[in-house]
Amino acid sequence: MWRKNCRKRHKGELQMEIGEALYYYRKKLGLTMEEMSVGIVTPSFYSKVEKGIHRISAEDLFHILNTHGIDITKFVRSVNISTDSLGFDRAQHQILQYYTRYQSQNLIQLKSQFQGDSSLNQLEKDLLTAIVDVYLADLNDDISMVAENTKHFLQDKLFNAENWDSYKLSLYTNIMDLYDLEANRQMIFSILRKNLDAYTSKQRMMILAILNNFIYTCIRENEDELARYCLTIINKEVTLYENLPEKIHALFYQELLAYRATPHSLHVDKIERIIDSLSLYGLEETSHQFRKFYEENKSCE
């Protein structure tokens, strides 16, 4: 049990191993191992992490902490790991925590903290500052707050590399609207350099959302062939309950593209059935958005 294995860090402060700390927070939250691992890692693997048999990656650890609202800084301080070795990952996920909790002031304070953090090199400091600026703009619903050089910097230093992890995919999903079609095409092709099978199931769901968002833009800008290419990627994915919304979006776009190529009542009927089925399941807002998009984009002009 973690209580028996805790070590003193400072006077009156306990220090735990990562597995012990995860066990402590899981029990505090009243969660099972399945609920704590939440599809990020398997329950079997997570069980071995708690027991100290397996090591968990920083990305997966911080993903678990963020999912359950566990303060990352407090967690890192309580465990027997070097904060220097996790500086950049820890900072990224601290940003994400503040963003998902709409804590703009905390995000602003982080920017000054980064500059004095000796565990970060200058490139990491610049990247983290740029990420904060983007999230602040999103929270203020004003993308004009993001400077052009910030957008280009993120694309060049963060999004064009081939090592797309869950954090980068999540960040990119939220800020695709900052980029034009060509910039998004470059970044999506960077993601697709690896087969989708090389990504986790959760990452594949994010990629499907990214592809659907890109298809939306392609259709609006009459880049139908590019949209069809993205649809072939989505259609290769097995339909599951978890990715059903993205599959429905893709089916709608597929029929719309077919109609734009060959206007025929058969495609209209299928589009109408998709839209009507959304209303039947209580998704009136989505149904309305689909219909509006269809009316505005049913022909190439």
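Is Lys-111 buried, partly exposed or exposed? Keep that one in mind for a moment while I set the scene. What we have here is a predicted model.

So, the whole chain. It has 17 helices and two strands. If you run along the principal axes, the C-alpha trace spans about 75 × 40 × 35 Å. Of the 301 residues, 45% are buried. The chain exposes about 16,000 Å², and carbon and sulfur atoms supply 49% of that. One more number on the fold: take the contacts between residues at least 6 apart in sequence, and 58% of them join residues at least 24 apart.

Okay, back to the opening question. Lys-111 has 25% relative accessibility, so it counts as partly exposed. What does its side chain do? Lys-111 makes a salt bridge with Asp-133, and the closest N and O atoms are 2.7 Å apart. Lys-111 sits in helix 8, residues 104-115, while Asp-133 is in helix 9, residues 122-139, so this pair ties together parts that are 22 residues apart in sequence. Asp-133 has a relative accessible area of 23%, so that partner is partly exposed as well.

While we're on helix 8, look at what it hides. Its buried residues are Leu-107, Leu-110 and Phe-114. Around the axis they cover an arc of only 50°, so they end up on the same side of helix 8. And what do they pack against? Helix 7, which is residues 87-100, and helix 9. So helix 9 turns up twice: it packs against those buried residues, and it holds Asp-133, the salt-bridge partner of Lys-111.

Now let's go to helix 14, residues 224-235. Here's a little check you can do yourselves. At 1.5 Å a residue, its twelve residues should span 16 Å, and the end C-alpha atoms are indeed 16 Å apart, so the two agree. Which residues of helix 14 are buried? They are Asp-224, Leu-226, Ala-227, Cys-230, Leu-231, Ile-233 and Ile-234. Look down the axis and they fall within an arc of 165°, so they line one face of the helix. The cover over them includes helix 12 (181-191), helix 13 (201-220) and helix 15 (244-261).

Helix 12 has a salt bridge of its own, between the side chains of Arg-185 and Glu-182, at 2.7 Å from N to O. These two are three residues apart in helix 12, which means about one helical turn separates them. Arg-185 is at 24% relative accessibility, so it is partly exposed, and Glu-182, at 36%, is partly exposed too.

How many salt bridges are there overall? The count comes to twelve. Another of them pairs Lys-298 with Glu-295, with 3.1 Å between the closest N and O atoms. Lys-298 is partly exposed at 30%, and so is Glu-295 at 42%. There's also a network, where salt bridges that share partners join Glu-272, Asp-276 and Arg-291.

Last stop, the surface. Leu-280, Tyr-281 and Leu-283 make a nonpolar patch of about 420 Å². Leu-280 belongs to helix 16, residues 265-280. Why do we call Leu-280 exposed? Because its relative accessibility is 74%, and exposed means over 50%. Compare that with where we began: Lys-111, at 25%, counts as partly exposed.

Methods. Residues numbered from 1 in each chain as written. Predicted model: local features only at pLDDT ≥ 70, side-chain atom pairs only at ≥ 80, totals over all residues. Heavy atoms only, no water. Helix = DSSP H or I, 4+ residues; strand = E, 2+ residues; numbered from the N terminus. Expected span 1.5 Å × (residues − 1). Buried < 20%, exposed > 50% of the residue type's maximum accessible area, 1.4 Å probe, protein only. Arc of directions from axis to C-beta. Contact = heavy atoms within 4.5 Å. Patch = residues over 30% accessible without salt bridge, like charges linked within 9 Å, V, L, I, M, F, W, Y side chains within 5 Å. Areas by Shrake-Rupley, 256 points an atom, 1.4 Å probe, with all protein chains shown as cover. Salt bridge = Lys/Arg side-chain N within 4 Å of Asp/Glu carboxyl O.
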